[in-house]
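These are my notebook entries on what I looked up in the structure shown below. I kept each entry short and dealt with one topic at a time.

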Amino acid sequence: MEYIALATGFILILIGLFGALTNRNILRMIVSFTVADTGVNLVIIAVGYMRGRAAPIIDAAVAAADTVARVIDPVPQALVLTAIVIGVGVTALMLAYAYKLYEKKHTLDISKFTELKW
Amino acid sequence: MVSRFFVFLLIAGVGAIFAALLAGYVPDHELNLTARYYAENTVRDTGAANIVAAIVVTYRGLDTLGEVTVLFLTAAIVGLVLAGSQHQGTHRREVPVSGELLVTGARLLVPLILLLGVYVFVNGHLTPGGGFQGGAILASAILLLLLADPVREFSHRLISAIESTSGLIFVGIGGLGILYAGGFLDNRILPLGTLGELFSAGAIPVIYSFIGLKVGAEFSSMLVDLSETEEP
């Protein structure tokens, strides 16, 4: 199970990287970046997973006394919570900039933007 | 064609690194030192049932403050970048009619979605969930309103008032921690209560509720900014 989640995360990162490098349309590149973002989050979560343990929430399934033996690692989950929120912010910024670029040149084709090319 | 070749080469290289990582990965069978500390001491230190919430709000509360600041900056920059392109209220753009199903559905669902969002962030210390998730759910209600009526006007003043008030209260509660408890953002300024009850875990539910309001307001302001942008 941990290997499936980890492998899926890695594959998603590769798909996102491939999409961002091969697509010419800025919107498609942004979508590719969010796919890679999801892959990174999945990898971090998968690293914290431990077989046969419960989510790090103390309730009927996990008694407060033997928490250490019963819960999975809570730190990656807290990290991914942060990463998802920052990911939303980054995506919103990319979309706003993409809109500005479209307003300037009336195209979203990345090969038409040559100002920073050398 | 050459560039496509290099892309494949790069993907193959990164893929090989990932494959090596995957082949060498050995799952842990015990919690590492940091995780063990949190698992052992969360109940005694914070009284929260959700260990992730205890880490996010209390142990690493300063990081959360930074994260909320990043989110605020993002919302502000999106507003700034798109400011020149927004329509000025008087002339309305032509949009296709949304359809009876969406309009009626939105009227039914928006209060329920808002209620769910509030439930998620008020119970952040007990159940999976918390301020960020609840805030995102609140903003999804705003998104549904925008889908049902794209020319609807939202009060920017109200959104930024909610946002800045909750930010100030968040920092203020953190400051009270210095005066009445162990340090900045310490949740023990309120009694810890019984584990598993709504009014427990000290200031965590209060802080998480204001984080939820703040995140919801920030996401909403991004959505409203993007939606109010005119076609060039």
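**Entry 1. Terms and model.** Before placing any residue, I noted that helices are DSSP runs of at least four residues, numbered from the N terminus. I also noted that this is a predicted model.

**Entry 2. The segment after H4 of chain A.** I looked up Ile110(A) and found it in the segment after H4 of chain A. Is Ile110(A) buried, partly exposed or exposed? I counted 14 C-beta neighbours inside 10 Å, so Ile110(A) is partly exposed, since the buried class begins at 20. I then listed its contacts, leaving aside neighbours within four places in sequence, and recorded Arg24(A), Ile26(A) and Met29(A). I also noted the pair Ile110(A) and Leu27(A), which are 83 residues apart in sequence and 9.9 Å apart in space, C-alpha to C-alpha.

His106(A) is also placed in the segment after helix H4 (74-105) of chain A. I recorded a positive phi of about 55° for His106(A), although this residue is not a glycine. I set beside this the rule that most residues other than glycine have a negative phi. His106(A) has 9 other C-beta atoms within 10 Å and is therefore exposed, as 12 or fewer is the limit for that class.

**Entry 3. The contact between the chains.** I looked up how many residues each chain gives to the contact: 44 come from chain B and 40 from chain A. On the side of chain B that touches chain A, helix H1 (2-23), H2, H3, H4 and H8 each supply at least two residues. Which of the helices of chain B gives the most to this side? I found that H4(B) does, with 8 residues. By class, I recorded 29 nonpolar, 9 polar and 6 charged residues on this side of chain B.

**Entry 4. H4(A) against H3(B).** I then took one helix pair across the two chains. The axes of H4(A) and H3(B) come within 9 Å and cross at roughly 55°. The two helices are therefore oblique to each other, and I noted that their crossing is right-handed. From H4(A), the contact is made by Pro74(A), Val75(A), Gln77(A), Ala78(A) and Leu81(A), and from H3(B) by Ile51(B), Val52(B), Ile55(B) and Val56(B). I sorted the residues of this contact by class and obtained 8 nonpolar, 1 polar and no charged residues.

I next asked how many residues of H3(B) are buried. The count is 9 of its 9 residues, and H3(B) is mostly covered. The buried residues of H3(B) include Ala53(B), Ala54(B), Val57(B), Thr58(B) and Tyr59(B). What covers them includes H4 of chain A together with H2, H4 and H8 of chain B.

**Entry 5. H4(B) against H8(B).** Within chain B, I looked up helix H4 (residues 61-82) and helix H8 (residues 204-227), whose axes come within 9 Å and cross at roughly 20°. An angle under 35 degrees counts as roughly parallel, and H4(B) and H8(B) are therefore roughly parallel to each other. I noted that this crossing is left-handed. Among the residues of H4(B) that meet H8(B) are Val68(B), Leu71(B), Phe72(B) and Ala75(B), while the H8(B) side includes Ile211(B), Val215(B), Glu218(B) and Met222(B). By class, I recorded 10 nonpolar, 3 polar and 3 charged residues in this contact.

**Entry 6. The nonpolar cores.** The largest nonpolar core has 63 residues, and Ile51(B), Ile55(B), Ile204(B) and Ile211(B) are among those with the most contacts inside it. Helices that each supply at least two residues of this core include H4 of chain A, and helix H5 (100-122), helix H6 (131-148) and helix H7 (156-180) of chain B. I found that the largest share, 12 residues, comes from H8(B). I looked up Ile204(B) itself, not counting residues up to four places away in sequence: it touches Thr46(B), Ala48(B), Ala53(B), Ala54(B), Val57(B), Thr58(B), His125(B) and Asn187(B). A second, separate core of 8 residues includes Leu6(A), Ile13(A), Ala36(A) and Val43(A).

**Entry 7. A loop residue.** Last, I placed Thr127(B) in the loop between H5 and H6 of chain B. With 15 other C-beta atoms within 10 Å, Thr127(B) is partly exposed. I noted that Thr127(B) and Val52(B) are 75 residues apart in sequence and 10.0 Å apart in space, C-alpha to C-alpha.

Conventions:
Residues numbered from 1 in each chain as written. Chains lettered and ligands numbered in written order. Predicted model: local features only at pLDDT ≥ 70, side-chain atom pairs only at ≥ 80, totals over all residues. Axes fitted to C-alpha atoms, helices over the stretch in contact; angles between N-to-C directions. Parallel < 35°, antiparallel > 145°, perpendicular 65-115°, else oblique. Left-handed = near helix turned anticlockwise from the far one by under 90°. Contact = placed C-beta atoms within 7 Å. Nonpolar A, V, L, I, M, F, W, Y, C, P; charged D, E, K, R; others polar. Core = buried A, V, L, I, M, F, W, Y, C linked by C-beta atoms within 7 Å.
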